Amino acid sequence: RMGVGYGVAVESRPNEPKELRQTILGEYDVNDNVTLGVQKEVAGHLDPALKGTVEPPPTDDRVYMKYRTKF
């Protein structure tokens with residue numbers, strides 16, 4: 001089984017430009033106990049006048065493995 005996801009968020013902090021964050025993720029179930037996943041985040045400012053003048057916000061990219069078991 002495979003799953004994909006997409007999310008969009010607008011973040012606004014006082015005295016800072018608004019940020020747009022887009023997250024794309026995918027997960028693949030290897031078997032009933034193991035899932036492999038990846039996540040890619042793209043972030044930028046909503047004000048086009050800031051392009052190239054302000055450091056882009058940090059992103060949260062991940063590669064992960066989930067393991068399920070009963071205790």
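**Exercise 1. A residue at the start of the chain**

Is Arg1 buried or exposed?

*Solution.* Keep in mind that you are working with a predicted model.

Step 1. Look up the relative accessibility of Arg1, which is 68%.

Step 2. Compare this value with the cut-off: a residue is called exposed when its relative accessible area is over 50%.

Step 3. Arg1 therefore counts as exposed.

**Exercise 2. Elements and their order**

Work out which elements the protein chain has and how they are arranged in the sheet.

*Solution.* Step 1. Begin with the count: the protein chain has four strands and zero helices.

Step 2. Now walk along the chain from the N terminus, and the elements read β-β-β-β.

Step 3. Next, see how the strands sit side by side. The four strands form an open sheet with antiparallel pairing, in the order 1-2-3-4. Strand 1 (2-11) and strand 4 are at the edges with a single partner strand each, so each has one side without a neighbour in the sheet. From one strand to the next, the twist averages 20°.

**Exercise 3. Counting bridges**

How many bridges join strand 2 to strand 3, and how many join strand 3 to strand 4?

*Solution.* Step 1. Take strand 2 (residues 19-29) and strand 3. Eleven bridges join these antiparallel strands. To see one partnership in the structure, find Arg21: its bridge partner in strand 3 is Ala43.

Step 2. Move on to strand 3 (residues 34-45) and strand 4. They also run antiparallel, and six bridges join them. Here you can look for Gly37, whose bridge partner in strand 4 is Tyr64.

Step 3. While you are at strand 4 (residues 62-67), check its cover. Among its six residues, the number that are buried is zero.

**Exercise 4. Salt bridges of Asp29**

Which residues form salt bridges with Asp29, and which parts of the chain do they link?

*Solution.* Step 1. Start with the whole structure, where a search finds eight salt bridges.

Step 2. One of them pairs Asp29 with Arg1, and their closest N and O atoms are 3.2 Å apart. Asp29 is in strand 2 and Arg1 is in the segment before strand 1, so this pair ties together parts 28 residues apart in sequence.

Step 3. Asp29 also forms a salt bridge with Arg68, with 3.9 Å between the closest N and O atoms. This second pair links Asp29 in strand 2 to Arg68 in the segment after strand 4, 39 residues away.

Step 4. Add the exposure of the residues. Asp29 has a relative accessible area of 18% and is buried. Arg68 is partly exposed, at 40% relative accessibility.

**Exercise 5. A buried pair**

Find out whether Glu19 and Arg21 are buried or exposed, and describe how their side chains meet.

*Solution.* Step 1. Glu19 has 6% relative accessibility and counts as buried.

Step 2. Arg21 is buried as well, at 10% relative accessible area. The cut-off behind both labels is under 20%.

Step 3. The two side chains form a salt bridge, at 3.4 Å from N to O.

Step 4. Now widen the view: salt bridges with shared partners connect Glu11, Glu19, Arg21 and Glu41 in one network.

**Exercise 6. The surface**

What makes up the nonpolar surface patch, and how exposed is Tyr28?

*Solution.* Step 1. Start with the protein chain as a whole. Of its 71 residues, 18% count as buried. The chain exposes about 5700 Å², and 57% of this comes from carbon and sulfur atoms.

Step 2. Find Met2, Val4, Tyr28, Val30, Leu36 and Met65, which make a nonpolar surface patch of about 670 Å².

Step 3. Zoom in on Tyr28, which has its place in strand 2. Its relative accessibility is 42%, so Tyr28 counts as partly exposed.

**Exercise 7. The surroundings of Lys40**

Which residues does Lys40 touch, leaving out those up to four places away in sequence?

*Solution.* Step 1. Locate Lys40 in strand 3. With 44% relative accessibility, Lys40 is partly exposed.

Step 2. List the contacts: Lys40 touches Gln22, Thr23, Ile24 and Asp61.

Step 3. Compare sequence and space for another residue, Leu25. Lys40 and Leu25 are 15 residues apart in sequence, while their C-alpha atoms are 6.3 Å apart.

Definitions and conventions: Residues numbered from 1 in each chain as written. Predicted model: local features only at pLDDT ≥ 70, side-chain atom pairs only at ≥ 80, totals over all residues. Heavy atoms only, no water. Buried < 20%, exposed > 50% of the residue type's maximum accessible area, 1.4 Å probe, protein only. Helix = DSSP H or I, 4+ residues; strand = E, 2+ residues; numbered from the N terminus. Pairing = 2+ DSSP bridges. Axes fitted to C-alpha atoms, helices over the stretch in contact; angles between N-to-C directions. Areas by Shrake-Rupley, 256 points an atom, 1.4 Å probe, with all protein chains shown as cover. Patch = residues over 30% accessible without salt bridge, like charges linked within 9 Å, V, L, I, M, F, W, Y side chains within 5 Å. Salt bridge = Lys/Arg side-chain N within 4 Å of Asp/Glu carboxyl O. Contact = heavy atoms within 4.5 Å.
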